[in-house]
Amino acid sequence: MTDNPHISVQNLNLYYGANHALKNISINIPDKKVTSFIGPSGCGKTTLLKTFNRLHDSLTDVRVEGKVLVDGENIYDKGIEVTHIRKKMGLLSQRPFPLPMSIFDNIAYGPRIHGTRNKKQLQVIVEQQLRDVALWDEVKDRLYSPAVRLSIGQQQRLCLARGLAVSPEIILGDEPTSALDPKSTQKIEELFLQLKEKYTIILVTHILRQARRMSDFIVFVFNGEIIEFGPTEELLLNPKEELTKDYVKGFLS
Amino acid sequence: MRKLEENIFKILMIIASALVVGSFFLIVFTIVKKGLPAMNLDMITKTPERGFYIGKEGGILNVIIGSLYLALGSSLLALLVSLPIVIYINLYLKTGSWLGSVTRLSYDVLFGIPSIVYGAFGFTIMIYFGLKASLLGGIIAVTLLVIPIMIRTMDEVMRTVPKELLDASYTLGATRLETVKILLRQSAVGILTAILLSFGRAIGDAASVMFTAGFSDNITTSLTDPAPTLPLAIFFQLSSPIEEVQARAYASALVLTIIVLLISISARILTKRFSKNKI
């Protein structure tokens, strides 16, 4: 672990109205590794993930205390430019949400926003990103047709490519394979394993086998608290906490 | 027994559907049957000439043009007011904010106000500004009438835009203003429907234009000219005891129906084209 990780959370508390959803979270996310958040439904793992790029901003009644440092900057500081934080992270949600435009425009959307207007340059970016997610050969002949016509698995890879096109440092995955068939799931998993060479990846998953296949580190979240954080095999095979033991028991048997 | 129940309700539903389809055809049939004899090229290419209202030469070109001006003007004006409102409540306000609820309640109330009240309200505004019955006055009253329709139709569509789709745009570092594009593209069909619905309502409403738009036998050439409208033309001609003039009322109704029908059909066609990118 480096001394200055991309993401460092310090004493983070989050409230939905009166509901204390995240309790005193402190964690340094290891750079260029896959870290999985596991835990039962409603434990706060997705909430925690979304605090990293401030996706709670559009909800009323959400109060955040504490710090989330991204590259040393507290993203909850007043006066921080939230678009600049978000650009550093790609997000894959549970279901793919392609933008209502063509395949090409989906990938070019981010670069265009951040100032790339040159058609040639955009074409290079689009091709590169589509190749990176192994989608190029499948779509190269219909780049200008609507992205919604792709299969769900292809859409999810498109969304990944779209996120990568703004050159983030971090990839957030919120159960990114939960809507996909086994084959598409496998493709996404393979991509993530390739991508961790270049990116810091945080994955929320409720599939322990997936967490084991994919991650270098696991964070076990329960009832809004981090119960245990450690290297994958150690945490799964030799958990220190009773709660973790109970939760991973099903996985072992 | 349950099978019988199933069948009874199925028959009731079929009857209800038949009623709607039937009345549509009956209305069209009546208008065509009564209006077609009075329908000729003069009717839609000429303005009223001397003695038009006792059954002599002329047509209702002035009325058609007045109605189109009025409906176009008020739909555009209403769009300019409504679009920022729906974008604001759907994109800028947080989910569940009180300002959003108050706005939604207000337009729901306005939606239920009868058009004669808008006419009267528009009339008061005109008197205040010293305006005479004119195209401008009519546009103001009808705009007030269609704004709630427009907002409601657009808002209902925009509320169904998944939050995750907007989040996808934010995640890429887009600002709210940049994300407006995504919201508009995803709800393009709804916006189009709202415009056409408002246009249809605007062109067909009599009560709101009665005091505000006035009537004249000349083609409207400026905002301060009176703007004759189809619903009022139908009303005046139908009140006449002369048979030829009454037939012209039905011919006018036929023109109005055709315009509204054309709008509905183009809405259908455009809807298909606009929804191809929609998720």
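Colleague: Which helices are included in what covers the buried residues of α8(B)?

Modeller: In this predicted model, helix α8 of chain B spans residues 176-186, and its buried residues are Thr179(B), Ile182(B), Leu183(B) and Gln186(B). What lies over these buried residues of α8(B) includes three helices of chain B, namely α3 (61-92), α6 (135-158) and α7 (163-171).

Colleague: Why do the buried residues of α8(B) lie on the same side of the helix, and over what arc around the axis?

Modeller: The residues concerned are Thr179(B), Ile182(B), Leu183(B) and Gln186(B). An α-helix has 3.6 residues a turn, so residues three or four places apart point the same way. The buried residues are on the same side of α8(B) because, around the axis, they cover an arc of only 100 degrees.

Colleague: Which element gives the most residues to the side of chain B that touches chain A?

Modeller: Between the chains, 24 residues of chain B are in contact with 25 residues of chain A. On the chain B side, the elements that give two or more residues are α7 and α8. With seven residues, the element that gives the most is α7(B).

Colleague: By class, how many residues of that side of chain B are nonpolar, polar and charged?

Modeller: The side in question belongs to the 24 residues of chain B that are in contact with chain A. Divided by class, the side of chain B that touches chain A has eight nonpolar, nine polar and seven charged residues.

Colleague: How far apart do the C-alpha centres of the two domains of chain B lie?

Modeller: Chain B is divided into domain 1, covering 2-38, and domain 2, covering 45-274. Seven residues of domain 1 of chain B are in contact with eight residues of domain 2 of chain B, and the domain 1 side of this contact divides into five nonpolar residues, one polar and one charged. The separation between the C-alpha centres of domain 1 and domain 2 of chain B is 28 Å.

Colleague: How many helices and how many strands does chain B have?

Modeller: Read from the N terminus on, the elements of chain B run α-α-α-α-α-α-α-α-α-α-α-α. The secondary structure of chain B therefore comes, with helices and strands taken as DSSP runs, to 12 helices and zero strands.

Colleague: What percentage of the contacts in chain B between residues at least 6 apart in sequence join residues at least 24 apart?

Modeller: The C-alpha atoms of chain B fill a box of roughly 70 × 65 × 30 Å along the principal axes, and 39% of its 279 residues count as buried. Among contacts in chain B between residues at least 6 apart in sequence, the share that joins residues at least 24 apart is 75%.

Definitions and conventions
Residues numbered from 1 in each chain as written. Chains lettered and ligands numbered in written order. Predicted model: local features only at pLDDT ≥ 70, side-chain atom pairs only at ≥ 80, totals over all residues. Buried ≥ 20, exposed ≤ 12 C-beta atoms within 10 Å, placed from the backbone. Helix = DSSP H or I, 4+ residues; strand = E, 2+ residues; numbered from the N terminus. Arc of directions from axis to C-beta. Contact = placed C-beta atoms within 7 Å. Nonpolar A, V, L, I, M, F, W, Y, C, P; charged D, E, K, R; others polar. Domains from an automatic or database assignment.
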